[in-house]
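Here's a quick briefing to read alongside the structure. Have the viewer open and follow the topics in turn.

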Amino acid sequence: MDDHADDHEKPVETIYDGKWLRMLRRGRWEYVERTHGKGMAVIIIAVTPADEVLFVEQFRVPLGSRTIEMPAGLVGDDDASDTLAAAAHRELVEETGWEPGRVEVLLVGPTSSGMSSERIAYVRARDLVKVGEGGGVGNEDITVHHVPRERAPAWLMEKQREGFELDLKLWGGLWMIDRDPDGSPVAP
């Protein structure tokens, strides 16, 4: 018999309440949730007019390592009325210096359902125009990489061999450059 079968019926207890995260316990299950923006984040699939995939590199404290990711960010970190599309637009410009002419929210789902209530939305950015250098805001210290689309998977594996951590959501993002989540080709 599963000792945790009735955990979902137990009351939620707050173990820790921080500025960005809250740690909770329900029965014997411990997990975290974001304290703003309904626990949502966006990951942005962006390809430049030169057919280069945009990746960002930054140091991630929880891993103690530099990571390679697609541009991403929190929804509602500055404004509670923030939308998925607005957050994707803002984060792409801040992190990469590329502004999308349009964005499409593709898919929303949990990032680590056994540990966190956070959900992320894959967003495709289209009709990009270079408007700045990127690099993030404040002390984000983001390095922008423009990688030819046909080289992107091999480039990522090279970065892993060099010691970078790779966000596994990258492969879902690469797949959705040319396909919608249902597998159909992307309409122009």
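What follows covers the annotation, the nonpolar cores and the strand pairing.

Keep in mind that this is a predicted model. Its largest nonpolar core has 22 residues, and one of its sheets is an open one of four strands with mixed pairing.

**Annotation**
- An unreviewed UniProt entry carries the annotation "domain: Nudix hydrolase", which covers residues 37–170.
- Across residues 37–170, strand makes up 40% of the chain and helix 19%.
- The C-alpha atoms at the two ends of that stretch sit 23 Å apart.

**Nonpolar cores**
- In soluble globular proteins, nonpolar side chains tend to end up buried together.
- Within the 22-residue core, the residues with the most contacts are Val53, Phe55, Ile68, Met70, Leu156 and Leu174.
- Strands β4 (40–46), β5 (52–60) and β10 (119–126), plus helices α2 (152–161) and α3 (169–178), each put in at least two residues of this core.
- The top contributor is α3, with four residues.
- Apart from this core lies another one, of 15 residues, including Met40, Val75, Ala87 and Leu128.
- If you want one residue to click on, try Val53: leaving out residues up to four places away in sequence, Val53 touches Ala46, Val47, Met70, His145, His146, Val147, Arg149, Ala152, Leu174 and Ile177.

**Around β10**
- How many of the eight residues of β10 are buried? Seven are, so β10 is largely enclosed by the rest of the structure.
- Strands β4 and β10 run parallel and are joined by seven bridges, with Val42 standing opposite Ala121 in β10.
- Strand β9 (residues 102–110) runs antiparallel to β10, and eight bridges join the two. Here Leu107 stands opposite Tyr122 in β10.

**The open four-stranded sheet**
- Read across, the strand order is β12-β5-β6-β13.
- Which strands sit at the edges? They are β12 (143–148) and β13 (165–166), each pairing on one side only.
- Strand β6 (residues 65–69) pairs with β13 in the parallel sense over two bridges, and Thr67 stands opposite Glu165 in β13.
- Helix α1 (residues 84–96) packs on this sheet, where it touches β5 and β12. The direction of α1 makes about 75 degrees with that of β5.

Terms used:
Residues numbered from 1 in each chain as written. Predicted model: local features only at pLDDT ≥ 70, side-chain atom pairs only at ≥ 80, totals over all residues. Heavy atoms only, no water. Core = buried A, V, L, I, M, F, W, Y, C linked by side-chain atoms within 4.5 Å. Buried < 20%, exposed > 50% of the residue type's maximum accessible area, 1.4 Å probe, protein only. Contact = heavy atoms within 4.5 Å. Pairing = 2+ DSSP bridges. Axes fitted to C-alpha atoms, helices over the stretch in contact; angles between N-to-C directions. UniProt positions renumbered as here; feature names shortened; annotations may be inferred.
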